[in-house]
Amino acid sequence: MSDAPEGPMKVLVYSDDANTREQIRLAIGRRPAADLPVVEFVEIATQPAVVERLDRGDIDVVVVDGEARPAGGLGVARQAKDEVFDCPPILAIIARRDDGWLATWSRADAVVSLPLDPMAVAKAVADLMRWRADNRLPAL
């Protein structure tokens, strides 16, 4: 029997490209690790929708596409870290390893580069889910 918490954890996936969102969703899977609950995906294609959704306070992990247009995922991550109370941890997907400095600037909590390695993505998201479960601030 699993020790996974009850109820799903919400993972927001931001990319303007539906195919990219699908690839990220498939890489994470329904349950990225046996000790974690199932994932409920929230797919978002625009920066204003990300801000609006994060303001609700119900997202556990954010995955951003660094190549999203017109608002890149790294800029969206930086804005979230600056503006969202108790901002959930963020995984940045970058196109090139050399973009790692941009991911650092964005304050992303984890980084995975393309092409997507499902094992690396699932591990990164699982680690961020565990961190969030242990560090979420109580509701105001």
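Reader: Over residues 10-129, what percentage of the chain is helix, what percentage is strand, and how far apart are the end C-alpha atoms?

Author: The model is predicted. UniProt, in an unreviewed entry, assigns residues 10-129 to the feature "domain: Response regulatory". Over that range the chain is 42% helix and 21% strand, and the distance between the end C-alpha atoms is 9 Å.

Reader: In what order do the five strands of the open sheet lie?

Author: The strands of this sheet pair in the parallel sense. At the edges are β2 (39-44) and β5 (110-113), each of which pairs on one side only. On average, neighbouring strands are turned by 20° against each other, direction ignored. The order is β2-β1-β3-β4-β5.

Reader: Which residue in β3 stands opposite Leu 12?

Author: Strand β1 (residues 9-14) runs parallel to strand β3 (residues 61-65), and four bridges join the two. Opposite Leu 12, in β3, stands Val 62.

Reader: Is β4 largely enclosed by the rest of the structure or exposed, and why?

Author: In a regular strand, side chains alternate between the two faces of the sheet. In β4, one side carries Ile 90, Ala 92 and Ile 94 and the other carries Leu 91 and Ile 93, all of them buried. Because five of the five residues of β4 are buried, the strand is largely enclosed.

Reader: Which helix lies across β1, β3 and β4, and at about what angle does it run to β4?

Author: The strands β3 and β4 are themselves joined in the parallel sense over four bridges. Across β1, β3 and β4 (90-94) lies helix α3 (residues 73-83), running to β4 at about 160°.

Reader: Which element gives the most residues to the largest nonpolar core, and how many does it give?

Author: This core has 22 residues, and those touching the most other members are Val 11, Ile 28, Val 63, Leu 91, Val 121, Val 125 and Met 129. At least two residues come from each of β1, α1 (18-28), β2, β3, β4, β5 and α5 (118-135). The element that gives the most is α5, with six residues.

Reader: How many residues are in the second, separate core?

Author: The second core is separate, and its members include Val 64, Ala 80, Cys 87 and Ile 94. Its number of residues is 21.

Reader: Leaving aside neighbours within four places in sequence, with which residues is Ile 28 in contact?

Author: Ile 28 is one of the residues that touch the most other members of the largest nonpolar core. Leaving aside neighbours within four places in sequence, its contacts are Val 11, Val 39, Phe 41, Val 63, Val 121, Ala 122 and Val 125.

Reader: Is Arg 53 buried or exposed, and what is its relative accessibility?

Author: Arg 53 is located in helix α2 (residues 47-56). Not counting residues up to four places away in sequence, it touches Lys 10, Leu 12, Val 42, Ile 44, Asp 58 and Ile 59. The side chains of Arg 53 and Asp 58 are joined by a polar contact of 2.7 Å. Since the cut-off for burial is under 20% relative accessible area, Arg 53 counts as buried, at 14%.

Reader: For which residue does UniProt list "modified residue: 4-aspartylphosphate", and what is the relative accessible area of Asp 65?

Author: In an unreviewed entry, UniProt lists Asp 65 for this feature. Asp 65 is found in strand β3, and its bridge partner in β4 is Ile 93. Beyond four places in sequence, Asp 65 touches Tyr 14, Ser 15, Asp 16, Thr 20, Gly 72, Gly 73 and Ile 93. Asp 65 is buried, with a relative accessible area of 6%.

Reader: Which residues does the cis peptide bond with omega near -5° join, from Arg 69 onward, and which residue does a cis bond join to Leu 114?

Author: Pro 70 is placed in the loop between β3 and α3, and the peptide bond from Arg 69 to Pro 70 is cis, with omega near -5°. In the loop between β5 and α5 is Pro 115. The cis bond from Leu 114, with omega about -5°, leads to Pro 115.

Reader: What is the approximate phi of Asp 86, and what is that of Arg 107?

Author: Asp 86 lies in the loop between α3 and β4, whereas Arg 107 lies in the loop between α4 (100-106) and β5. Arg 107 counts as partly exposed, at 36% relative accessibility. Although Asp 86 is not a glycine, its phi is positive, at about 50°. Arg 107, also not a glycine, has a positive phi of about 70°.

Definitions and conventions:
Residues are numbered from 1 along each chain as its sequence is written. This is a predicted model: local features need pLDDT of at least 70, side-chain atom pairs count only at pLDDT 80 or more; totals for chains, interfaces and linings use all residues. Side-chain values use heavy atoms; hydrogens and water are left out. Two strands pair if DSSP finds at least two bridges between them. Axes are lines fitted to C-alpha atoms, for helices over the stretch in contact, and angles run from 0 to 180 degrees between N-to-C directions. Contact means heavy atoms within 4.5 Å. UniProt positions are given in the numbering used here, feature names are shortened, and annotations may be inferred rather than shown by experiment. A nonpolar core is a set of buried Ala, Val, Leu, Ile, Met, Phe, Trp, Tyr and Cys residues joined through side-chain atoms within 4.5 Å. Buried means under 20% relative accessible area, exposed over 50%, partly exposed in between (1.4 Å probe, protein chains only). A polar contact is a pair of N or O atoms within 3.5 Å; within protein, one must be able to donate a hydrogen and the other to accept it, and residues adjacent in sequence count only if both atoms are side-chain atoms.
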